[in-house]
Amino acid sequence: MNTERPKSTGELMSAIMTHVSNLVRKEADLARAEVAASFKKAIASLAAMAVALVLAITGLNVAAASLVAFSVRAGLSPHWAPAVVGAGFLVIALIIFAIAKSSLTKIGFVPTRTARSVQRDAAAIKETFHDK
């Protein structure tokens, strides 16, 4: 035999508010975790870009000097050889930077899993209230 008395409306509302509060807190924790993971990926991409920049500058100095000397030897004017070589290296650097930037923008900082989870929770809550 069930001796429990039916819960009052106030008790039911209090229980609902407690559950909703817990749900919101857990969703916020999930969003924070998701953003932190995206942030770590962004830091890794930025670090890779910095390493690429340092290597590019070092290699650029050596390669540029060699190419300028080769260009002059091949018959290009000593005044134009550095400009042509420098322009070529700038084009290559811009291509590398564009690829790295594209990779960075693909990471996405929007917590999409959290948004889907919140939508499912909201639908479940609506369904619960509409069933009664």
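Helices here are DSSP runs of H or I of at least four residues, strands are runs of E of at least two, and both are numbered from the N terminus. With that convention, G75 is found just after α1 and takes a positive phi of about 115°. The model is a predicted one, in which local features need pLDDT of at least 70 and side-chain atom pairs count only at pLDDT 80 or more, while totals for chains, interfaces and linings use all residues. Residues are numbered from 1 along each chain as its sequence is written, and side-chain values use heavy atoms, with hydrogens and water left out.

Helix α1 covers residues 9-73, a run of 65 residues that reaches 93 Å from its first C-alpha to its last. This is close to the 96 Å expected at 1.5 Å a residue, where the expected span is 1.5 Å times one less than the number of residues in the helix. The helix nevertheless has a kink of about 25°, centred on L60; the bend at a residue is the angle between axes fitted to the seven residues ending there and the seven starting there.

Along α1, the buried residues are E27, A31, E34, S38, A42, S45, M49, A64 and S71. Buried means under 20% relative accessible area, exposed means over 50%, and partly exposed lies in between, with a 1.4 Å probe and protein chains only. Other residues of the helix fall into the remaining classes: A15 lies in α1 and is partly exposed because its relative accessible area is 31%, and A44, also in α1, counts as partly exposed because its relative accessibility is 47%. V54, placed in α1 as well, counts as exposed because its relative accessibility is 52%.

Some C-alpha separations give a sense of scale. A44 and L55, 11 residues apart along the chain, are separated by 17 Å, whereas V54 and V20 are 34 residues apart in sequence and 51 Å apart in space. A15 and I99 are 84 residues apart in sequence, with 52 Å between their C-alpha atoms.

Helix α3 spans residues 112-131 and contains K126, which counts as exposed because its relative accessibility is 55%. The C-alpha atoms of K126 and V84, 42 residues apart along the chain, are separated by 67 Å. S117 is also placed in α3, but S117 counts as buried because its relative accessibility is 11%. The side chain of S117 makes a polar contact of 2.9 Å with the side chain of E27, and E27 is itself among the buried residues of α1. A polar contact is a pair of N or O atoms within 3.5 Å; within protein, one must be able to donate a hydrogen and the other to accept it, and residues adjacent in sequence count only if both atoms are side-chain atoms.

The largest pocket holds about 390 Å³ of space. Of the 15 residues that line this pocket, the closest to its centre are A52, L53, A56, A93 and I96. The elements giving two or more residues to the lining are α1 and α2 (81-107), and α1 gives the most, with 8 residues. By class, the lining divides into 15 nonpolar residues, no polar and no charged. Here Ala, Val, Leu, Ile, Met, Phe, Trp, Tyr, Cys and Pro count as nonpolar, Asp, Glu, Lys and Arg as charged, and the others, Gly among them, as polar. On a 1 Å grid over the protein atoms alone, a pocket is an open set of points where a 1.4 Å probe fits, with protein on both sides within 12 Å along at least five of seven lines, and lining residues have an atom within 4 Å of a point. Grid points are joined across faces, edges and corners, and the volume is the space filled by probe spheres set on the points.
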